[in-house]
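User: I'm new to reading protein models, and I'd like a close look at one part of this one. Could you pick a good place to start, then show me how it connects to its surroundings?

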Amino acid sequence: MSTTRPYPPGDLGPEPGDAGAPSASPAGQIRRLRLAGAGGAVARARDFARQALHDWGWLPAATADQRAAAEDVLLVVSELVTNACLHAEGPEELRLRGGKKVLRLEVADLGAGHPAPRTPHRAGRPGGHGMFIVQRLCLDWGVVRNPDGTGKTVWAELAAPA
């Protein structure tokens, strides 16, 4: 997890030659999906994220790079929601925060644990790769504890497709 960056979370810095021209990106948009007590949370979260990516113009992708960026978002959504299901009493809410250059994913849960990439386990045993995947695909990720002390939000940021 990164602790320093050259720009604030959700920003990759100034665009070369950017004169403030309007963009088709989802800048400033927030989508929320309530997941508390819902069955099939991972599939629901992926479908919700896929629809947001369609609405925001990421899908259908025109290039292989754009398709890969959208698939990375869907994979990270799946991993974060799965972790909440397995280790944090289930997810409460999924939030997608669109930015001009960065998409921020947030999964709120009531768990007390702190996700971290685990040391790789023995070959042939499933599981334990989720946060390695998140760390590998994302620009940054982290955890914010709820102010009242119950639960947290695990967030991850991915670059918008070029």
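Analyst:

## One helix and its surroundings

Ser78 has a relative accessible area of 9%, so it counts as buried. The cut-off behind that word is 20%: a residue under this value is called buried. Please keep in mind as we go that this is a predicted model.

Where is Ser78? It belongs to helix α2. Setting aside the residues within four places of it in sequence, Ser78 is in contact with Val42 and Arg46. The C-alpha atoms of Ser78 and Arg44 are 9.6 Å apart in space, although 34 residues separate the two in sequence.

Now look at the whole helix. What span should α2 have, given its 24 residues at 1.5 Å a residue? The expected value is 34 Å, and the C-alpha atoms at its ends are 34 Å apart, so the two agree. If you would like to check the sum, multiply 1.5 Å by one less than the number of residues.

Next, see what α2 does for the inside of the protein. The largest nonpolar core has 34 residues, and the ones that touch the most other members are Val77, Leu80, Leu94, Leu96 and Leu105. Helices α1, α2 and α3 each give two or more residues to this core, and so do strands β2, β3, β4 and β5. The largest share comes from α2, which provides nine residues.

Leu94 is a helpful residue to click on here. Apart from its neighbours within four places in sequence, Leu94 is in contact with nearby partners that include Val77, Ala45, Phe48 and Leu33. Its contacts also include Glu106 and Val107, as well as Arg31 and Arg32.

What happens where the helix stops? Just after α2 comes Glu89, with a positive phi of about 65°. Glu89 has this positive phi although it is not a glycine. It sits in the loop between α2 and β2, and it is exposed because its relative accessible area is 67%. So Glu89 is exposed at 67%, whereas Ser78 is buried at 9%.

The loop on the other side of the helix, between α1 and α2, holds Pro60. The peptide bond that leads from Leu59 to Pro60 is cis, and its omega is near -5°.

You may also wonder about cysteines. Cys85 is partly exposed, because its relative accessibility is 37%, while Cys138 is buried at 11%. How many disulfides are there in the whole structure? A search finds zero.

Let's now follow the core to strand β5. Is β5 mostly covered or mostly open? It is mostly covered, with seven of its eight residues buried. Strand β5 runs antiparallel to β3, and eight bridges join the two; one pairing to find is Asp109 with Lys152 in β5. Strands β4 and β5 are antiparallel as well, joined by six bridges, and here Asp140 stands opposite Glu157 in β5. The hairpin of β4 and β5 has six residues between its strands, and within it Gly149 takes a positive phi near 90°.

In the segment after β5 you will find Ala160. Its relative accessible area is 24%, so Ala160 counts as partly exposed. Beyond its neighbours in sequence, Ala160 is in contact with Trp58, Lys100, Lys101 and Val102. From Ala160 to Gly98 the C-alpha distance is 8.8 Å, with their positions 62 residues apart in sequence.

Stepping back, the protein chain has three helices and five strands, in the order β-α-α-β-β-α-β-β. Of its 162 residues, 40% count as buried. Among contacts with a separation of 6 or more, 63% join residues 24 or more positions apart.

Finally, how confident is the prediction? The protein chain has a mean pLDDT of 83, and 80% of its residues reach 70 or more. Over residues 1-10 the pLDDT is below 50, and this stretch has 18 contacts beyond near neighbours in sequence. Residues 12-24 are also below 50, with 14 such contacts. Where pLDDT is low, predicted coordinates should not be read in detail.

Terms used: Residues numbered from 1 in each chain as written. Predicted model: local features only at pLDDT ≥ 70, side-chain atom pairs only at ≥ 80, totals over all residues. Heavy atoms only, no water. pLDDT = per-residue confidence, 0-100. Contact = heavy atoms within 4.5 Å. Core = buried A, V, L, I, M, F, W, Y, C linked by side-chain atoms within 4.5 Å. Buried < 20%, exposed > 50% of the residue type's maximum accessible area, 1.4 Å probe, protein only. Helix = DSSP H or I, 4+ residues; strand = E, 2+ residues; numbered from the N terminus. Disulfide = S-S within 2.5 Å. Pairing = 2+ DSSP bridges.
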